[in-house]
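Q: Please take a close look at the part where the chains meet. Describe it in connected prose, and place it in the rest of the structure.

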2 protein chains.
Amino acid sequence: MPRVTIADIAKEAGVSKPTVSRALNGHPDVGAETRERIQRIAADLGYAPSASARSLRTGRHDTLGLLMPLQQWWGYSDIQYGIAEESARRGLHLMVHPLRPGERAEREFVTQTLPTLPVDGLILLMPEGTPRHIGAIAHTSMPSVVIDDRGHRLDLPYVESTNRAGFREAVLHLVRHGRRRIAFVGGQLNDAFAQERFEGYLDALREGGIPYDPDLTLLPADREPTADEITELLGTDPDGLAVAWDEIAFSALNALHAAGHRVPDDVAVIGFDDSPIARVMQPPLTTVRQPFRQMGAAAVRMLLDSIEHGRPPAHFTVPTELVIRDSCGSHEDQ
Amino acid sequence: MPRVTIADIAKEAGVSKPTVSRALNGHPDVGAETRERIQRIAADLGYAPSASARSLRTGRHDTLGLLMPLQQWWGYSDIQYGIAEESARRGLHLMVHPLRPGERAEREFVTQTLPTLPVDGLILLMPEGTPRHIGAIAHTSMPSVVIDDRGHRLDLPYVESTNRAGFREAVLHLVRHGRRRIAFVGGQLNDAFAQERFEGYLDALREGGIPYDPDLTLLPADREPTADEITELLGTDPDGLAVAWDEIAFSALNALHAAGHRVPDDVAVIGFDDSPIARVMQPPLTTVRQPFRQMGAAAVRMLLDSIEHGRPPAHFTVPTELVIRDSCGSHEDQ
DNA sequence: AGCTGTTCCGCAATCGATTGTGGAACAGTT
DNA sequence: AACTGTTCCACAATCGATTGCGGAACAGCT
């Protein structure tokens with residue numbers, strides 16, 4: 001059966017196509033009685049507007065694009081959910097595009113794929129590496145927003161969370177509960193994030209009047225610390241562990257158990273991210289929640305603002321949240 | 001600056017629009033010399049075809065839709081990656097639509113959203129619940145494929161994995177290594193899956209000549225077993241634990257440690273899914289990997305087949321894979 | 001020369017909606 | 001009655017591509 005078009009409705013209602021279009025789109029130049037009749041007929045005929053016809057004429061697609069790394073991480077999909085929800089709430093579709101790593105793939109995307117993409121704007125979710133060529137999007141007429149752009153500033157509006165202040169608050173929490181020898185464990189993933197959290201750690205020490213002890217810092221750049229390294233760190237007799245990622249906190253917890261330390265009695269532990277496994281660890285991990293959904297939603301709002309009002313590059317910061325569980329030894333206080 | 005169209009190219013090349021179109025689309029009715037000239041001019045002018053204009057004329061969108069539950073699970077995003085990769089490989093875009101739970105939202109999607117969706121086909125990723133109204137898609141002209149449709153058969157083609165056979169193989173692995181008192185732990189998530197895996201468990205016992213002992217079965221329908229329940233189960237002195245989900249295996253592992261059992265020496269443990277946390281458990285968990293990426297890719301292929309050739313409902317089964325780590329006590333054998 | 005068959009390309013219609021312009025119909029005012 | 005101002009709607013163009021049909025140009029053959 002052929003598609004029902006506004007021409008069919010027009011014929012049925014005895015009016016012209018433009019009148020049908022205006023009636024269905026809430027345009028004022030249509031009599032109340034006529035409008036109702038048209039709406040009824042449209043419903044009866046099961047009319048559904050053609051997205052491509054409308055796009056062709058209006059130039060809008062009512063669709064947002066999301067450029068994602070091919071790499072797997074729960075945080076990325078969490079952000080995606082935030083974006084998807086907010087887009088849906090605004091009646092926009094979401095088109096997801098995986099971006100293979102490598103400059104060649106980036107160049108190809110910008111020059112080949114992007115110009116044809118039926119989207120009104122683009123959200124970039126960038127992996128740890130430093131994309132070189134993807135920055136060319138800034139020289140394009142495509143409105144774009146970056147999420148979590150740390151290492152590489154792409155001259156585009158971006159959304160970020162309070163990595164430094166969030167970690168500072170968590171470490172301060174340990175300090176306030178009497179921990180004095182708090183070790184920092186970094187490593188793996190994006191250096192820029194580790195760096196910010198490390199600074200938050202230093203902020204907290206300073207504020208707590210605790211001198212910084214380099215022996216209490218484990219910074220295996222760009223990779224996960226080994227069990228041996230953690231064991232060695234434990235030899236320095238810390239009473240607290242401030243770990244830059246929940247996943248690494250999990251390894252640390254295992255090392256602590258293996259070495260016979262009790263958590264949180266002997267050593268308190270905090271992590272970062274509020275990963276899904278944080279709540280099921282033994283003991284459940286106190287951590288800093290990154291509001292990924294909210295970051296996604298904020299990116300959508302910024303993008304819409306950019307599309308509708310053509311705002312210049314800006315940025316938006318979403319606050320992290322301290323989630324207190326058992327591993328920091330102060331659960332009962334809260 | 002206005003968009004470059006084939007009319008611009010035509011004028012520049014001194015030919016007509018149809019010729020430009022045919023030249024750019026590899027149509028045979030164009031002379032080699034003319035084609036090359038047109039291609040060169042198109043590149044020089046930075047021509048990018050209009051997706052909406054093409055869609056309007058051809059009726060195709062070169063886009064696949066993915067209907068996802070709003071619910072978070074790493075497996076869903078893994079499937080999505082599989083779909084995204086395969087779609088990209090075939091030059092198709094992917095439009096992701098979150099589906100809020102509830103019949104009302106489903107009805108609204110089918111009647112309101114679906115008819116206007118600019119996609120050529122739809123992949124349904126269904127959550128545990130039993131969708132009622134979403135099945136109406138089957139009465140639509142929209143080609144669709146379901147992934148992991150267990151509890152609710154929606155008269156649509158679907159992709160599944162070998163839940164029963166996969167779990168049977170894993171349990172048999174324990175049997176072959178001398179375990180005789182193997183307990184089954186189910187619970188949480190989709191009943192249908194738990195049921196299939198339970199049957200795989202029974203298959204393995206039968207094949208191993210081990211009588212089924214109801215005391216060794218923990219089946220807290222529709223929720224996660226509590227620590228107490230697991231502890232009680234351990235009181236029956238099992239030498240193996242066959243757990244229907246990695247997440248629950250993790251809880252079981254914690255209970256085992258707390259009760260002073262050694263894994264795998266005293267009790268061997270296997271899980272199901274190969275969740276991200278399986279490899280970091282203590283000890284690393286032997287489990288059955290669900291090939292989520294492959295399932296996603298298979299769904300894309302089936303959908304394309306359905307779009308292009310109009311195939312009737314069928315199904316495709318992707319084999320699971322036994323991943324042997326330390327928790328089953330036979331790592332050294334492999 | 002006349003006929004047949006390729007090769008290559010143009011004309012005009014078409015997909016389904018939106019929008020600028022113009023005007024008919026009617027009411028209200030002087 | 002003439003004029004002004006609303007209200008409501010139609011005509012026709014337009015967005016950018018694809019495609020059925022037809023035909024010009026040319027070669028090969030008898």
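A: Helices and strands here are DSSP runs, numbered from the N terminus, with at least four residues for a helix (H or I) and at least two for a strand (E). By that rule chain A has 11 helices and 12 strands. This is a predicted model, in which local features need pLDDT of at least 70, side-chain atom pairs count only at pLDDT 80 or more, and totals for chains, interfaces and linings use all residues. Residues are numbered from 1 along each chain as its sequence is written, while chains are lettered from A and ligands numbered from 1 in the order in which they are written.

The meeting of the chains comes first. Two residues are in contact if their C-beta atoms, placed from the backbone, lie within 7 Å. Counted this way, 29 residues of chain B touch 29 residues of chain A. On the chain B side, the elements that give two or more residues are H4, helix H5 (74-89), strand E2 (93-99), helix H6 (103-116) and H10. H5(B) provides the largest share, seven residues. By class, this side of chain B has 18 nonpolar, nine polar and two charged residues. Here Ala, Val, Leu, Ile, Met, Phe, Trp, Tyr, Cys and Pro count as nonpolar, Asp, Glu, Lys and Arg as charged, and the others, Gly among them, as polar.

Strand E2 takes part in a pairing across the chains. Two strands pair if DSSP finds at least two bridges between them. Strand E2 (residues 93-99) of chain A and E2(B) pair in the antiparallel sense, over three bridges. In this pairing A:Met95 stands opposite B:Met95.

The symmetry of the pair comes next. Copies are superposed by least squares on the C-alpha atoms of residues with pLDDT of at least 70 in both. A turn of 180 degrees and a shift of 0.0 Å along the axis lay chain B on chain A with an RMSD of 0.1 Å. The two copies are thus related as by a two-fold rotation axis. Of the interface residues of chain B, 100% are also interface residues in chain A, so the copies meet through the same surface.

H10, named above at the contact with chain A, also has a place inside chain B. There, four strands form an open sheet with parallel pairing, in the order E7-E6-E8-E9. Its edge strands, each pairing on one side only, are E7 (217-218) and E9 (268-270) of chain B. Strand E6 (residues 182-185) of chain B is joined to strand E8 (residues 240-243) of chain B by four bridges. Helix H10 (residues 246-258) of chain B packs on this sheet and touches E6, E8 and E9 of chain B. The direction of H10 makes about 150 degrees with that of E8(B); axes are lines fitted to C-alpha atoms, for helices over the stretch in contact, and angles run from 0 to 180 degrees between N-to-C directions.

H4(B) appears at another surface as well. Helix H2 (17-24) and helix H4 (51-58) of both chain A and chain B give two or more residues each to the surface near DNA strand C. A residue is near a strand or molecule if its C-beta atom, placed from the backbone, lies within 6 Å of it. H4(A) gives the largest share of that surface, five residues.
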